[in-house]
Amino acid sequence: MKTTNAPSSTKYQVPVYEVRLVQSRRPLRLAEECLADPRSAARALHALIGLTDREQFACLFVNARHHVTGAHVAAIGAQHTISNIDVRVVLRAGLAACATAMILGHCHPSGDPSPSRDDIATTEAIMRAASIITIPVLDHIIVTRDEHRYHSMLDSGTLPKVPR
């Protein structure tokens, strides 16, 4: 029996992936295109997820001048919690949107915009991962059904400090 070291003629098929940004059928209509402060970001997030009956986690993507270039709902949870937010989903959307920075947000249908320990821990995890790919998180805003009632982690000092 003779063995050869000749290369195999078998060809393996490996999938090739394409990442595409697909525009939703429902555009986000905003009164202002620039998110200059937490209040304007809270208005934009309220328009996107504020009136839902379940917690939703969303991202607003901005360019260097803080003009909104896109939005993405990354997770939908139960009435009082989102059990798991996949950081990869958030970052993938930010990269696909060519974001310079992002503002995180989620809603509390209960009406209390105070962040939980889990909210702050999730924010920190996303901020750490986002810093690696140089898409900084500018703020995390919790909105309620009342458009005037929100919590800005930046303004309140609860936004985690992530070393650069």
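**Helix, sheet and cores in a predicted model**

Student: In this predicted model, which residues of H1 are buried?
Tutor: Buried here means under 20% relative accessible area. In H1, the residues that meet this are Pro38, Ser40, Ala41, Ala42, Ala44, Leu45, His46, Leu48 and Ile49.

Student: How many of the residues of H1 is that, and is the helix mostly covered or not?
Tutor: H1 spans residues 38–49. It has 12 residues. Nine of the 12 are buried, so by the under 20% cut-off H1 is mostly covered.

Student: What do the buried residues of H1 pack against?
Tutor: H1 lies across E1, E2, E3, E4 and E5. Its buried residues pack against those five strands and one helix: E1, E2, E3, E4, E5 and helix H4 (153–156).

Student: At about what angle does H1 run to E4, and at about what angle does H3?
Tutor: H3 lies across E1, E3 and E4, and runs at about 155 degrees to E4. H1 runs to E4 at about 55 degrees.

Student: Which residue has a side-chain oxygen that reaches a backbone nitrogen at the start of H1?
Tutor: The backbone nitrogen belongs to Arg39. The oxygen comes to within 3.2 Å of it. That oxygen is on the side chain of Asp37.

Student: What is the order of the strands in the open sheet?
Tutor: The sheet has five strands, with mixed pairing. Their order is E2-E1-E3-E4-E5.

Student: Which are the edge strands?
Tutor: An edge strand pairs on one side only. That holds for E2 and strand E5 (150–152).

Student: Which residue in E2 stands opposite Ala58?
Tutor: E1 and E2 run antiparallel, joined by seven bridges. E1 covers 56–62 and E2 covers 68–76. Opposite Ala58 stands Val73.

Student: Which residues have the most contacts inside the largest nonpolar core?
Tutor: This core has 23 residues. Elements giving it two or more residues include strand E1, helix H2 (87–96) and helix H3 (117–132). The residues with the most contacts inside it are Phe57, Val90, Met102 and Leu104.

Student: Leaving aside neighbours within four places in sequence, which His residues is Phe57 in contact with?
Tutor: The contacts of Phe57 include Val90, Leu104 and Ile126. Ile82, Ile85 and Gly105 are also among them. The His residues on the list are His72, His106 and His140.

Student: How many residues does the other core have?
Tutor: This core lies apart from the one with Phe57. Ala42, Ala101, Ile103 and Cys107 are among its members. Its residue count is 15.

Conventions: Residues are numbered from 1 along each chain as its sequence is written. This is a predicted model: local features need pLDDT of at least 70, side-chain atom pairs count only at pLDDT 80 or more; totals for chains, interfaces and linings use all residues. Side-chain values use heavy atoms; hydrogens and water are left out. A nonpolar core is a set of buried Ala, Val, Leu, Ile, Met, Phe, Trp, Tyr and Cys residues joined through side-chain atoms within 4.5 Å. Buried means under 20% relative accessible area, exposed over 50%, partly exposed in between (1.4 Å probe, protein chains only). Helices (H or I, at least four residues) and strands (E, at least two) are DSSP runs, numbered from the N terminus. Contact means heavy atoms within 4.5 Å. Two strands pair if DSSP finds at least two bridges between them. Axes are lines fitted to C-alpha atoms, for helices over the stretch in contact, and angles run from 0 to 180 degrees between N-to-C directions. The expected span of a helix is 1.5 Å times one less than its number of residues. A polar contact is a pair of N or O atoms within 3.5 Å; within protein, one must be able to donate a hydrogen and the other to accept it, and residues adjacent in sequence count only if both atoms are side-chain atoms.
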